[in-house]
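Please take the reader's route through the fold set out below, moving from the strands to the helices and then to the ligand.

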Amino acid sequence: MTIDRLGAGAWERAVEQSEICPKDFVSSSTYDDSVTLSLVGLCAGAFKVEIPQFLEMFGEYWVVFASSGPYASLMRVAGSTLPVLLTNLDRLHQSVQAVMADAMLPSFVVIKDEPNLLWVRYCSKRTGLETFATGLLKGLMAKFSVQGTVEIINRGDAGIDYEIRCRQSV
Ligand code: HEM
């Protein structure tokens, strides 16, 4: 996203400030969260936004990114409507787990599915990524041309509950 929106120079400057060697990155490999978080902080700085806002922007961006290129077919088979794709997200991530054994993948469960209203429970072993999930849900709404709002309505031991209110039936 940083290269795409701010140019290769911005990404190179962010990587230079970190202790990470760009050549160490190999597609479909996992990295320590400290590496990812350091890059997130540096990229947020490049965009001149706070980390939660950056994560939300990145969530929206990820849906567009994953919907084209190598992940496009995975996204396509996951579902052609917002509720169906959300219901299939765990299956999608399970297929990712099959090729990335070390990945620590989240879980999403649709706990309410009404024509204009969805409640989705996000459960993760990580903390601090709730605005990333907000951005992803907003990105999925945009992907399916659904207008409406996303809001956190509950935080509990079982996960974080998001309410998606849609202006049209989904
Ligand atoms: C083809 C599409 C997708 C692929 C290949 C994919 C793959 C991944 C991978 C590899 C991770 C990191 C796991 C790790 O290394 O520990 C991840 C994390 C995550 N994914 Fe996906 N994903 C996709 C689509 C989505 C979508 C549409 C959502 C929408 C809600 C989503 C939500 C998340 C969240 C919130 C995390 C953060 C992990 C955490 O909470 O610990 N993903 N995904």
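A hairpin makes a convenient entry point: β3 and β4 form one, with 2 residues between them. Helices (H or I, at least four residues) and strands (E, at least two) are here DSSP runs, numbered from the N terminus, and two strands pair if DSSP finds at least two bridges between them. The model is a predicted one, in which local features need pLDDT of at least 70 and side-chain atom pairs count only at pLDDT 80 or more, while totals for chains, interfaces and linings use all residues. Residues are numbered from 1 along each chain as its sequence is written.

Within this hairpin, β3 and β4 pair in the antiparallel sense over 8 bridges, and Val150 has Ile164 in β4 as its bridge partner. Strand β4 (residues 159-166) is also joined to β2 by 6 bridges, again in antiparallel fashion, with Val120 standing opposite Tyr162 in β4. On the other side of the sheet, strand β1 (residues 107-114) runs antiparallel to strand β2 (residues 117-123) and is joined to it by 7 bridges; β1 and β2 likewise form a hairpin with 2 residues between them. Along this pair, Val109 has Arg121 in β2 as its bridge partner, and Lys112 stands opposite Trp119 in β2.

Taken together, the 4 strands make an open sheet in the order β1-β2-β4-β3, with antiparallel pairing. Its edge strands are β1 and β3 (148-156), each of which pairs on one side only. Neighbouring strands of this sheet are turned against each other by 20° on average, direction ignored; such angles run from 0 to 180 degrees between N-to-C directions, and axes are lines fitted to C-alpha atoms, for helices over the stretch in contact. Helix α6 packs on the sheet and touches β1 and β2, its direction making about 150° with that of β1, where contact between two residues requires their C-beta atoms, placed from the backbone, to lie within 7 Å.

How many helices and strands does the protein have? There are 7 helices and 4 strands, and from the N terminus on the elements run α-α-α-α-α-α-β-β-α-β-β.

Among the helices, α4 and α7 pack at an angle of about 35°, with their axes 7 Å apart. Their crossing is right-handed, meaning that the near helix is turned clockwise from the far one by less than a right angle. The residues of α4 in this contact include Leu55, Phe58, Trp62 and Val63, and those of α7 include Phe132, Leu136 and Leu140. By class, the residues of the contact of α4 with α7 divide into 11 nonpolar, 5 polar and 4 charged, with Ala, Val, Leu, Ile, Met, Phe, Trp, Tyr, Cys and Pro counted as nonpolar, Asp, Glu, Lys and Arg as charged, and the others, Gly among them, as polar.

The ligand is surrounded by 24 residues, the closest being Tyr71, Met104, Pro106, Ser124 and Leu136; a residue counts as near a molecule if its C-beta atom, placed from the backbone, lies within 6 Å of it. Leu136 thus appears both in this group and in the contact of α7 with α4. Helices α4 (51-66), α5 (72-78), α6 (82-99) and α7 (130-143) each supply at least two residues of the shell, which has 19 nonpolar, 3 polar and 2 charged residues.

As for overall dimensions, the C-alpha atoms of the protein fill a box of roughly 50 × 35 × 35 Å, taken along the principal axes. The radius of gyration, taken over C-alpha atoms, is 16 Å, which agrees with the value near 15 Å for a compact globule of 170 residues, the globule rule being 2.2 Å times the number of residues to the power 0.38.
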